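User: I would like to learn how to read the features of a model like this one. Please take them one at a time, general idea before the case.

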Amino acid sequence: MKWTPARTRALKASAFVLCLVPLAKIAFDAFTDGLGANPIEQVLNRLGFWTLTLLTLSLVPTPVKELLGVAWPVRLRRLLGLFAFAYATLHLCWYVGVDQFFDLHVLAKDVLKRKFMAVGFVAWLSLAPLAVTSTDRWVRRLGFPRWKRLHRLAYAAAVLGIVHFVWRVKADALRPYVFATILAGLLGARVAVRLARARAATAAPGLARGAGDTGAGAGGA
Amino acid sequence: QALPVAKKIEKAGGEEPTKWDAITTYNNFYELGADKADPARNAGSLRPRPWTVAIEGEVRKPGNLDVDALMKSFPLEERIYRMRCVEAWSMVIPWVGFPLADLVKRVEPTSKARYVAFQTLLDPEQLPGQRRRVLEWPYVEGLRIDEATHPLALLAVGLYGRVLPNQDGAPLRLVVPWKYGFKGAKSIVKIRFQEEQPPTTWNRMAPDEYGFYANVNPDVDHPRWSQARERRIGEFFRRKTLPFNGYADEVASLYAGLDLRKNY
């Protein structure tokens, strides 16, 4: 099937709308008394959950393309990554501005003394340069190899985000471990691809550059 | 089901009690699920009648007490208390119950009874949260005997003048208003008097985060969050947390000479 620009636009538009659904649900629940007895905590938790979900989803297209040869999800990678950053930013702002109401004393202590908070903050910090450099212009400016290396930070952010989640729960860490398992699978897939390629390179030098590494459509598309 | 309330004691500085809906849908009762909304959702599986509480250990009158008989043998009081969760949220709750001290007196502890240990029901059929080992089951808690006989310590059997809902720890739960909420063992099946300090569930789970005493203390932070402020359920702004949850005048003397930073 051919990917016409119209189809790509339709794909992106539907993904865009889907990414807004969790926010719409929060708004809907807020107006219908559906956020429970502690709505501030509920919104904070949901924003965090969707940050991790979207961040994990944004890491799916690359291994899917390299392992299965299915390339169309790559067209959604930037959108998913940017939405992950948007949810992460809302999560952080909600904590700072609503949950703690700009209590600087608490916030400073959080970042300096509480590893669970520090790790979450660093996760957000590591997503910020990725969001900034997500445009085609920045891919050109950095050159694709460098841009790609930089954007591997997404994995670090995901790991830190999951650690933040594990350290956040008091006892039942089932949900963060589900995220961790999925992320381990995605990372494992990429390592497997690399190893296979390295083996191919020793066997037949000159054919080593895999098809998935050409950069076509990366960031852009 | 309405309960006969002999007297009403208001111990929350005249504050309006938190709404029934919040008290019965926002619960930490891991035996019925780890999410706040789970206990209300899964409450139906718990059967709080018939129910007996075993009294064991260093007492002259051990035995099994039927909960309905127990409720009839003590005049029930409404006690409006603040409830401060270790997670930095709080409520004002109109409990119905009787002083733990009255029960202690009746079973006649011996001089060896220095601590009182409480145990929650262990039954994964009724408490589906126990099917996974999220915590070490059964849930156990404990008090020093002088804490247990303090007039503020309450065994609650009701809420808002009605029989206690399952998700709040029916049929019988401990309420120690100057301590973090997790000290209040729910759905109690055993009360044991003993010489040694009993193990407590959250302390076993994370000893650096939850101590045996667990007195509300704004000056000693939880390692992962500040305890200086709390969100009263229903309010937007956090408010200052009070030492001993505002009951310092009545209970601080229990801890004279104790380093509260070490004994958190």
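User: How many disulfides does the structure hold over all chains?

Analyst: A disulfide is a covalent bond between the sulfur atoms of two cysteines. Here the test is a pair of cysteine sulfur atoms within 2.5 Å. The structure, a predicted model, holds 0 disulfides over all chains.

User: Why is Cys19(A) not bonded to Cys93(A)?

Analyst: Because the two sulfurs are 19 Å apart, too far for a bond. Cys93(A) is the closest cysteine to Cys19(A) by sulfur position. Seen from the other side, Cys93(A) is in no disulfide, and its nearest cysteine sulfur is that of Cys19(A).

User: Are these cysteines buried or exposed?

Analyst: Start with the scale. Buried means under 20% relative accessible area, exposed over 50%, and partly exposed in between, using a 1.4 Å probe and protein chains only. Cys19(A) is buried at 6%. Cys93(A) is partly exposed at 46%.

User: What conventions sit behind these values?

Analyst: Residues are numbered from 1 along each chain as its sequence is written, chains are lettered from A and ligands numbered from 1 in the order in which they are written, and side-chain values use heavy atoms, with hydrogens and water left out. In this predicted model, local features need pLDDT of at least 70 and side-chain atom pairs count only at pLDDT 80 or more, while totals for chains, interfaces and linings use all residues.

User: What is the average pLDDT of chain A?

Analyst: pLDDT is the predictor's confidence in each residue, from 0 to 100. Chain A averages 91, and 92% of the residues score at least 70. Residues 210-221 of chain A fall below 50. That stretch has 21 contacts in the model beyond near neighbours in sequence, a contact being heavy atoms within 4.5 Å.

User: How far does helix H1 of chain A reach?

Analyst: Helices are DSSP runs of H or I with at least four residues, and strands are runs of E with at least two, numbered from the N terminus. The expected span is 1.5 Å times one less than the number of residues. H1(A), residues 5-31, has 27 residues and reaches 38 Å from its first C-alpha to its last, close to the expected 39 Å.

User: Where is the kink in H1(A)?

Analyst: The bend at a residue is the angle between axes fitted to the seven residues ending there and the seven starting there. In H1(A), a kink of about 35 degrees lies at Val21(A), shortly before Pro22(A). Pro22(A) is one of the buried residues of H1(A), which also include Cys19(A) and Asp29(A). Their cover includes H2 and helix H4 (77-99) of chain A. After the helix comes Asp33(A), with a positive phi near 65 degrees.

User: What does Asp99(A) touch?

Analyst: Asp99(A) lies in helix H4 of chain A. At 7% relative accessibility, Asp99(A) is buried. Leaving out residues up to four places away in sequence, Asp99(A) touches Ile40(A), Leu44(A), Trp94(A), Arg231(B) and Arg238(B).

User: Which residues does the "transmembrane region" annotation cover?

Analyst: UniProt positions follow the numbering used here, feature names are shortened, and annotations may be inferred rather than shown by experiment. The unreviewed UniProt entry gives residues 48-67, 79-97, 117-138, 150-167 and 173-193 of chain A. Residues 79-97 are 100% helix and 0% strand, with end C-alpha atoms 26 Å apart. Residues 150-167 are 94% helix and 0% strand, with ends 27 Å apart.
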